[in-house]
Amino acid sequence: MTAASAYPGGMYARRRHVYFAMMGTCLGLFVLAWGVVRLWSVPVAVGMCVVAMVIPPLAAMVANRRGPEDRWWDDPSGDPKSDEWWDELDGKKRRQ
C-alpha cells in the first residue's frame, strides 16, 4: 500500500506542498534580489526576478494538474440521456 492510497487526499496534499514551496521560492528570490543581491550586481538581481516571474504559472500548473487517481471524467453529468449516450460510447453498462 502506497502513501497516496493510504490517505485519499495524499496526492492533493503533495501538490499543495509543492505549490507553496514554489511560491515561497518565488518570494524568496524577489526579496533576496532587491534586498541583498542588487547591492553587488543589478543584472543578477534582474535575472533572479525573471526566474521568479516564471515560477507562479508553473506552480499553478503543478497545483491544478489532474493525476491518474483523480476520477473526474467518470462523474455523471446529471443528464440521464447524456450519461447513457456517453456510457454507450465508452462501452460501459450503466447501473440502474
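The following exchange concerns a predicted model and takes up its nonpolar surface patch, one aromatic pair and selected residues of the helices.

Colleague: Which helix gives the largest share of the nonpolar patch on the surface?

Modeller: The patch is formed by F30, W34, V42, V46, V50, M53, V54, L58 and M61. The elements that each give two or more residues to this patch are helix 2 (10-35) and helix 3 (42-64). The largest share, seven residues, comes from helix 3.

Colleague: What accessible area do the residues of the nonpolar patch have together?

Modeller: The patch lies on the surface and runs from F30 and W34 through to L58 and M61 in sequence order. Taken together, its residues have an accessible area of about 790 Å².

Colleague: Is W34 buried or exposed, or does W34 fall in between?

Modeller: W34 lies in helix 2 and is one of the patch residues. Buried would require under 20% relative accessible area and exposed over 50%. Because its relative accessibility is 37%, W34 counts as partly exposed.

Colleague: How are the rings of Y19 and F20 arranged?

Modeller: The count of aromatic pairs comes to one. The ring centres of Y19 and F20 are 5.4 Å apart, and the planes stand at 70 degrees. Planes over 60 degrees apart count as edge-to-face. The pair of Y19 and F20 is therefore edge-to-face.

Colleague: Which residue of this aromatic pair, Y19 or F20, counts as exposed?

Modeller: The limit for exposed is over 50% relative accessible area. Y19, at 27% relative accessibility, counts as partly exposed. At 52%, the residue that counts as exposed is F20.

Colleague: Why does A45 count as buried?

Modeller: A45 is found in helix 3. Beyond residues up to four places away in sequence, A45 touches A33, W34, V37 and R38. Buried means under 20% relative accessible area. A45 counts as buried because its relative accessibility is 0%.

Colleague: What is the C-alpha to C-alpha distance between A45 and L29?

Modeller: A45 belongs to helix 3. A45 and L29 are 16 residues apart in sequence. In space, their C-alpha to C-alpha distance is 8.7 Å.

Colleague: What separation is found between the C-alpha atoms of V44 and A33?

Modeller: V44 is found in helix 3 and is partly exposed, with a relative accessible area of 43%. V44 and A33 are 11 residues apart along the chain. Their C-alpha atoms are separated by 7.7 Å.

Notes
Residues are numbered from 1 along each chain as its sequence is written. This is a predicted model: local features need pLDDT of at least 70, side-chain atom pairs count only at pLDDT 80 or more; totals for chains, interfaces and linings use all residues. Side-chain values use heavy atoms; hydrogens and water are left out. Patches are made of residues with over 30% relative accessible area and no salt bridge: like charges are joined within 9 Å, nonpolar side chains (Val, Leu, Ile, Met, Phe, Trp, Tyr) within 5 Å. Accessible areas come from the Shrake-Rupley method with a 1.4 Å probe; for residues, only the protein chains shown count as cover. A salt bridge is a side-chain nitrogen of Lys or Arg within 4 Å of a carboxyl oxygen of Asp or Glu. Helices (H or I, at least four residues) and strands (E, at least two) are DSSP runs, numbered from the N terminus. Buried means under 20% relative accessible area, exposed over 50%, partly exposed in between (1.4 Å probe, protein chains only). Rings of Phe, Tyr and Trp (its six-membered ring) pair if their centres lie within 6.5 Å; planes under 30 degrees apart count as stacked, over 60 as edge-to-face and the rest as tilted. Contact means heavy atoms within 4.5 Å.
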